[in-house]
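Work through these exercises with the sequence and the model side by side. Try each task before you read its solution.

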Amino acid sequence: MHSSTSPRLCSSSALLTDLYELTMAYGYWKNGLVDHEAVFQVSFRTAPFHGSYTVAAGLADAMQLIEQFQFTGDDLAYLDSLRDDRGEPLFARAFLDYLAAMRFACDVDAVPEGTAVFPHEPLLRVVGPLAQAQMLETFLLNTLNFQTLIATKAARICLVAGADPVIEFGLRRAQGVDGGIAATRAAFIGGCDSTSNVLAGKLFGIPVKGTHAHSWVLAFPDEPSAFRAYAEAMPGNCLLLVDTFDSLRGVHEAVEIGRWLREQGHELAGIRLDSGDLAYLSVEARRILDEAGFPRAVIVASNDLDEHVIASLKQQGAAISVWGVGTRLVTGGDQPALGGVYKLSALRRSADAPWEHKLKLSEQPAKISIPGVLNVRRFRQAGVWAGDMIYDEASPPAADAPRVLVDPANELRHKTIPAEAVAEDLLVPIYRRGRRVYAPPPLTASRERTRAQLAMLHPGHTRLLNPHEYPAGLELGLHERRAQLMRQARTSARG
């Protein structure tokens, strides 16, 4: 299967960036800094949708963009045409020659897709020449932010739906062609069972599902003739939309078509409700179908569903077997963006020099960056996760050091992990010196990883309302180094 979710991209991703990435790279080049070794981390500060967890997605597409990261002749000709405020070339010709000769040479580590992650943890880490690592920022954030957001929304919806299948219905409401394909991919990682998006089905091997629209019914003299025509055309895939005129009358008419299908050796797959009181209508529809001898016919519901609406319908006893979720899934619904950031956290002049830790201050504690070559160590105890430790690989904790987590946004909040808890590091190698060393697993494996990961969380972390905050914090030594850098930076700022 193809992996690209960006069919309109050309062979180069180098210009899929913000101009300031290139002006900074130019400044690094003019100041002799381009080959200094840098560490950048992708992270986010707050879990989306007022939740506790987030599901990482987008790595495979980010890898494809990394592998297309080179400046073509057309790219360089365009950059050569740019002018500054004086009408002079924005970039020197020698810098464009540098870009032409540049080849990707960074190390990249990341959490696999489908991994549950939490605020301040690195989803992806880039180590390599400063200018190169800087220029990756925009397309990495574009890819990881969006797909992680949608995978998380899908996971929330699927957790609420439980054993009921969820179909992603959102292509027509998605944010453009590329957004629609990427959203379908991420929604599948998050747990959706199938999609209406046929191109995504082809690209990624996602099962495709669909029925007919109201226009089909309106194209015929009446609803019974429309249903009969559809059954004749699709006897093995006959799921009828019953709410064009009167939903319950439509269910009775679907039953008649179901009887006709049985005479032909087929079965009525089910009905779809797309409007009205879905709780009441589904219960009545289930009664009509069961009494008519169609207990296996499914009831699909659509109409602006999300995790909160589905939870409410289940609480009301709705007899819905399949959920079709569109707009509020593929657009992120109540949250338009994840808000992930790409921060410089360490720098050195050469591979054998010591790392100089970098820290960005802020008046908001949650926005103060974390210095170092970061990784995440996850602890497991008694079948569930006990907490995550963000630590610095350049100064890792001693094996016998206390396992203390310090909240990055509130240093008064600590958690101690028991010594018997089992640990694993989350970041895995993706590139080494520009060479790929990781093969993304099949999308089905990433989807199963999401399910397995969320099953390791305590139910308090996955509930919709006021979820318990998962313990993810800084290793004690990293916290102390960060605090020292904060004090130094504030003293320097005061002069």
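**Exercise 1. Where is the place of histidine 120?**

Solution. Step one: locate the residue. Histidine 120 sits in the loop between strand E4 (116-117) and E5. Helices (H or I, at least four residues) and strands (E, at least two) are DSSP runs, numbered from the N terminus. Residues are numbered from 1 along each chain as its sequence is written. This is a predicted model, in which local features need pLDDT of at least 70, side-chain atom pairs count only at pLDDT 80 or more, and totals for chains, interfaces and linings use all residues, while side-chain values use heavy atoms and leave out hydrogens and water.

Step two: check the backbone. Histidine 120 is not a glycine, yet its phi is positive, about 75°.

Step three: check exposure. Histidine 120 counts as buried because its relative accessibility is 12%. Buried means under 20% relative accessible area, exposed over 50%, and partly exposed in between (1.4 Å probe, protein chains only).

**Exercise 2. Is aspartate 304 buried, partly exposed or exposed?**

Solution. Step one: find the loop. Aspartate 304 lies between strand E10 (298-301) and helix H13 (307-315). Step two: read the phi. Aspartate 304 has a positive value of about 55°, although it is not a glycine. Step three: apply the cut-offs. The relative accessibility is 42%, so aspartate 304 counts as partly exposed.

**Exercise 3. Describe the protein chain as a whole.**

Solution. Step one: count the elements. The protein chain has 17 helices and 21 strands. Step two: take the dimensions. The C-alpha trace spans about 80 × 60 × 40 Å along its principal axes. Step three: assess burial. Of the 495 residues in the protein chain, 52% are buried. Step four: look at sequence separation. Take the contacts (heavy atoms within 4.5 Å) between residues at least 6 apart in sequence: 74% of them join residues at least 24 apart.

**Exercise 4. Which residues touch the most other members of the largest nonpolar core?**

Solution. Step one: define the set. A nonpolar core is a set of buried Ala, Val, Leu, Ile, Met, Phe, Trp, Tyr and Cys residues joined through side-chain atoms within 4.5 Å. Step two: pick the residues. The largest core holds 126 residues, and Leu99 and Trp323 touch the most other members. Helix H6 gives the most to this core, with 13 residues. Another core lies apart from it; this one has seven residues, among them Ala386, Tyr391, Leu405 and Ala421. Step three: relate this to a general trend. In soluble globular proteins, nonpolar side chains tend to be buried together.

Step four: list neighbours of tryptophan 323. Leaving out residues up to four places away in sequence, tryptophan 323 touches, among others, Ala161, Pro165, Ile167, Leu305 and Lys314.

**Exercise 5. Follow two residues of helix H6 to their polar partners.**

Solution. Step one: place glutamine 147. Glutamine 147 is in helix H6 (residues 137-161). Glutamine 147 is buried because its relative accessible area is 2%.

Step two: find its partner. The side chains of glutamine 147 and arginine 185 form a polar contact of 3.0 Å. A polar contact is a pair of N or O atoms within 3.5 Å; within protein, one must be able to donate a hydrogen and the other to accept it, and residues adjacent in sequence count only if both atoms are side-chain atoms.

Step three: turn to threonine 152. Threonine 152 also lies in helix H6. Its relative accessible area is 0%, so threonine 152 is buried. The side chain of threonine 152 reaches the backbone nitrogen of valine 55 at 2.9 Å. Not counting residues up to four places away in sequence, threonine 152 touches Pro48, Phe49, Tyr53, Thr54 and Val55.

**Exercise 6. How many of the nine residues of helix H2 are buried?**

Solution. Step one: count. Seven of the nine residues of helix H2 (residues 59-67) are buried, and the helix is mostly covered. Step two: name some. The buried residues include Leu59, Asp61, Met63 and Ile66. Step three: identify the cover. Covering elements include strand E3 (107-110), strand E5 (124-129), H6 and helix H7 (176-190).
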